[in-house]
Amino acid sequence: MKFKSTRGSEELLFSAQAISQGIAKDGGLFVPIEIPQVDLSEIALLEKMSYAERAEYILKFFLTDYTAQELQYCTSQAYSQDNFSEPIAPVVSLEENLSVLELWHGKTSAFKDMALQILPYLLTVALKKETSAKKLLILVATSGDTGKAALEGFKDVAGTEIIVFYPVDGVSDIQKLQMTTQAGENVHVFAVKGNFDDAQTGVKEIFANQNMAESIEKLGYQFSSANSINWGRLVPQIVYYFSAYIDLVKQKSIKLGEQVNFCVPTGNFGNILAGYYAKLMGLPVHKFICASNLNNVLTDFINTGEYNRNREFYKTNSPSMDILISSNLERFLHQITGDSSLVAKYMQELSQKGYYKIAGQTLEKIKEVMQAYCFDEAQTEKAIADVYATKKYLLDTHTAVAYLAAEKYQQETADKTHTVVLSTASAFKFSQDVLKALKQDITGLDSFQQNDLLEKLTAQPTPARIKYLKTAKVLHEQIIDKQEMLAAIKAVL
Ligand SMILES: *Cc1c(COP(=O)(O)O)cnc(C)c1O
């Protein structure tokens, strides 16, 4: 299986090269040249497998240049009991037609672990295949969760240095502490004055900067990315859509072959896009429901066909979705239109004018598979309170946005298809807002006292790795301007 750029350059690479390079030379993202097909009898085989085995089974369709032994190594190391509590990605039934897929049982209590635990293995194996003596310089822009998950995945991995940039006021206290206390010989963390889009644009510009690439090459490094612009981040996320499906069959919530809907709290469009690839491969999916917070650029896009980032940016209680430039939409547009020069044109318009509008026909195609909704903070808080009161199930702020979208979709369409809400973070990562939603008085309480209160209230334990932060030493305190990102990288090297 080979990979090409969404923007039409001739470059054709095997997956190992696409993963180590991160982004295509023309600034586009790597996509598979064809979509492998999986039939129901193959999906049925997943039932008896562990999560690591399911991952190995699905990944082999795309990563054909990795040997069976290499894939077995990567998946078993990543999806181990050290890195995840069992079950790794459980499906919890909430209502007759509604389940929650919990993706936060990894080290950092957010779904990013699902991909970022395996990415370092995929990358280091890729480097060996290319017999490259270069070291990898991993650059990460984070809206909060990717940073920590990438730091955990890459810390002390031989042959890598990792640099994380996060928006200084754009992450929760716990998220910030998770990053600033990160130990490891090869880890570097910077707060950037600005929002996530500033950090992500900064990183993309550095990737595209030929002078910078040459000067780090002289030092023996090659850039790569741990953001979901990297194919190696996206492909492991396809796995849990299959895993959830077969678990629903196993639990007798659906019959093999029956369609389901997936409702995804969306920011950079990586998670939902992975689900779309699963559908293209043959997973029986009816609709994807794209859930956004006040930063509703995707809702508007899916409803009107116009993507316009020239709008106010809101800091919300679901910070990992506070994004106005959803990078992976580029892959989706490429898949839907099959036209790379058109995609290149849209992306140019987006970077120059801040907006683009797709053709009516393309929009119709998107609407066939996707529906979008957005909700504000008050609605999010109310959902957390309602679901806890009626079902004793604790939603984090991001999952609550998706729950609202699933509910609205079911009401609006009367579609009875079983709907799976992807739960992307533990509520204990966002206890302040969750407690506020539960009408608790939190004046004067620090993050840890808030977690204690949430623990007492719900009789659920704070994840140990969040508790540990209380005594962890802060190691990274630098705050920089966005113009200083390049200089920060040079200083690290
Ligand atoms: C990253 C993240 C999201 C958004 O996922 P995308 O793949 O960027 O769309 C949603 N919720 C949480 C908790 C996240 O960490």
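The lining of the largest pocket was sorted by residue class. It holds 17 nonpolar, 14 polar and 12 charged residues. The model is predicted. The pocket itself encloses about 1,200 Å³ of space. In total, 43 residues line the largest pocket. Nearest its centre lie Ile 23, Gly 27, Lys 204, Phe 207 and Ala 208.

Several elements of secondary structure build this lining. Helix 1 (15–21), helix 9 (196–208) and helix 10 (210–218) are among those that each supply at least two residues to the largest pocket. Strand 9 (221–225) does so as well. Further along the chain, helix 14 (329–337) and helix 15 (340–352) also each supply at least two. Helix 9 gives the largest share, with 7 residues.

Enclosed space was examined next. Rolling a probe the size of a water molecule over the atoms shows where empty space is left. The structure holds 1 cavity of 30 Å³ or more. The volume of the largest cavity is about 280 Å³. Its lining consists of 26 residues. Phe 111, Lys 112, Gly 267, Asn 268 and Ser 320 lie nearest the centre of the largest cavity. Two or more lining residues come from each of helix 7 (145–154), helix 11 (231–250) and helix 12 (270–281). By class, the lining of the largest cavity has 9 nonpolar, 14 polar and 3 charged residues.

The ligand takes up the space of the largest cavity. Around the ligand stand 15 residues. The closest are Lys 112, Asp 145, Gly 267, Asn 268 and Thr 424. This shell is made up of 5 nonpolar, 8 polar and 2 charged residues.

Polar atoms of the protein approach oxygen atoms of the ligand at several points. For Lys 112, a polar side-chain atom lies 2.6 Å from a ligand oxygen atom. For Phe 269, the atom involved is a backbone N or O, and the distance to an oxygen atom of the ligand is 3.0 Å. For Asn 271, a polar backbone atom is 2.9 Å from an oxygen atom of the ligand. On its own, the ligand has 380 Å² of accessible area, and the protein covers 98% of that area.

Phe 269 also has a notable backbone angle. Its phi is near 70 degrees, a positive value in a residue other than glycine. Phe 269 is placed in the loop between strand 10 (260–265) and helix 12. Thus the residue with this positive phi also brings a backbone atom to 3.0 Å from a ligand oxygen atom.

A second backbone feature concerns a proline. The peptide bond from Glu 86 to Pro 87 is cis. Its omega is near -10 degrees. Pro 87 belongs to the loop between helix 4 (68–78) and strand 4 (91–95).

Terms used. Residues numbered from 1 in each chain as written. Predicted model: local features only at pLDDT ≥ 70, side-chain atom pairs only at ≥ 80, totals over all residues. Heavy atoms only, no water. Near = heavy atom within 4 Å. Polar contact = N/O pair within 3.5 Å; in protein donor to acceptor, adjacent residues only side chain to side chain. Areas by Shrake-Rupley, 256 points an atom, 1.4 Å probe, with all protein chains shown as cover. 1 Å grid on protein atoms, 1.4 Å probe; cavity = no way out; pocket = protein on both sides within 12 Å on 5 of 7 lines; lining within 4 Å. Sits in = over half its atoms within 2 Å of the grid points. Nonpolar A, V, L, I, M, F, W, Y, C, P; charged D, E, K, R; others polar. Points joined across faces, edges and corners; volume = space filled by probe spheres on them. Helix = DSSP H or I, 4+ residues; strand = E, 2+ residues; numbered from the N terminus.
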